[in-house]
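I set out to record what I looked up in this structure, strand by strand and then core by core. The entries below follow the order in which I consulted the model.

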Amino acid sequence: MTATTHSTKGTALITGASTGIGAIYADRLAKRGYDLILVARNKDRLNTLASKLTLETGRIVKTIAADLNNKDELRDVEETLKSDKSITMLVNNAGVGAVSSVLDNDVDEMEAMINLNITALTRLTYAAAPGFVERNTGTIINISSVVGIAVELLNGVYSASKSYVLSFGHTLQRDLADTGVRVQTVLPGGTITEFWDVAGYAKQKESPKMMTAADLVDAAMAGLDQGELVTIPTLQDGEDWSRWEAARRELTPKFANPEPAPRYGLATA
């Protein structure tokens, strides 16, 4: 394939794209015919990956070296999403994690985690969605985690941030229904990436229960092709999720009640 042979799939903007899951997404999407805008902090890694993908696939690959915890640099990425009408996909992959408890964490580090995992993801989604709706096409892929459900496994702030991504995805799917815009929330389980090195628990990568980043992304892309709204590559029986989600939704109408439940023993008029 040459650089002049382009499909009509448009451009995918991927955050956290220099390594791990983000770099695999870049590879897979380029091979599917997407041009790319790769976003990450490490300029050298970005440029190395961009050169490799251009050589291998012939796609146009641009890079933006940006720290999404920096408001000005985040704003630059937002403006790209708003102004570049070739963008048809946003992969919100950038994130950071932790494994230690509230007694062992620095609260400023936790705030930075919230800013990256929640605030940046939200702002980039808000930047992309209106243009996608206007053009009646687009895909938003948000990377959550199984700890968004299994919240006790790792650090509480990290788990809560990934619960946010899952909840946000549900409401995006509601708000963007019938607009031509697809929203997929991906919940990786334990995956062999630098996440564990940054989180201070590198030995976790040696566990036999860990999935490779390549398998994770390939399964997530297959889930997207199948029309899944929520994709959990490590969950062997998809009906387990269907039952969980059905039970959650069945609770909703039961919350609307003007009287406290009898178990609280309150007298009613």
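**Entry 1: strand S5 and its neighbours**

I began with strand pairing and found that S4 and S5 pair in the parallel sense over four bridges. I note at the outset that this is a predicted model. In the pairing of these strands, methionine 89 stands opposite threonine 139 in S5. I then followed the connection and recorded that S4, H4 and S5 make a right-handed β-α-β unit.

Next I looked up the pairing of S5 with S6, which is parallel and has six bridges. Here isoleucine 141 stands opposite glutamine 184 of S6. The connection again gave a right-handed β-α-β unit, made by S5, H5 and S6.

I asked how many residues of S5 are buried. The count is six of the six, so S5 is largely enclosed by the rest of the structure. I also listed the directions of its side chains: Gly138, Ile140 and Asn142 point one way, while Thr139, Ile141 and Ile143 point the other way. This fits the expectation that side chains in a regular strand alternate between the two faces of the sheet.

**Entry 2: the nonpolar cores**

I looked up the largest nonpolar core and noted that it has 31 residues. Those with the most contacts inside it are Ile14, Tyr25, Leu29, Leu36, Leu38, Met89 and Ile141. The elements that give two or more residues to this core are S1 (11–15), H1 (20–31), S2 (35–40), H2 (43–57), S4 (87–92), S5 (138–143) and H7 (213–225). H1 supplies the largest share of this core, seven residues.

I then examined leucine 29 by itself. Not counting residues up to four places away in sequence, leucine 29 touches Ala12, Ile14, Tyr34, Leu36, Met89, Val91 and Met221. Apart from the largest core lies another, of 27 residues, which includes Ile37, Leu116, Ala120 and Ala129.

**Entry 3: the aromatic residues**

I searched for aromatic pairs and found two. In one of them, tyrosine 126 and phenylalanine 168 are stacked, at 6.5 Å centre to centre and with 5° between the planes. I asked which parts this pair ties together. Tyrosine 126 lies in H4 (residues 107–135) and phenylalanine 168 in H5 (residues 156–175), so the pair links parts that are 42 residues apart in sequence.

The other pair joins tyrosine 164 and phenylalanine 168: the ring centres are 5.5 Å apart and the planes are at 20°, so this pair is stacked. Both residues lie in H5, four residues apart, about one turn of the helix. I therefore entered Tyr126, Tyr164 and Phe168 as one aromatic cluster, with planes under 30 degrees apart counting as stacked.

I compared the accessibility of the members. Phenylalanine 168 is buried, with a relative accessible area of 9%. Tyrosine 164 is partly exposed at 28%, and tyrosine 126 counts as exposed at 57%.

**Entry 4: positive phi angles**

I finally looked up residues that have a positive phi although they are not glycines. Asparagine 136 has a positive phi of about 60°, and it lies in the loop between H4 and S5. Aspartate 178 has a positive phi of about 65°; its place is in the loop between H5 and strand S6 (181–186). At 84% relative accessibility, aspartate 178 counts as exposed.

Terms used:
Residues numbered from 1 in each chain as written. Predicted model: local features only at pLDDT ≥ 70, side-chain atom pairs only at ≥ 80, totals over all residues. Heavy atoms only, no water. Core = buried A, V, L, I, M, F, W, Y, C linked by side-chain atoms within 4.5 Å. Buried < 20%, exposed > 50% of the residue type's maximum accessible area, 1.4 Å probe, protein only. Contact = heavy atoms within 4.5 Å. Phe/Tyr/Trp six-rings, centres within 6.5 Å; stacked < 30°, edge-to-face > 60°. Pairing = 2+ DSSP bridges. Right-handed = clockwise from strand over helix to strand, strands pointing away.
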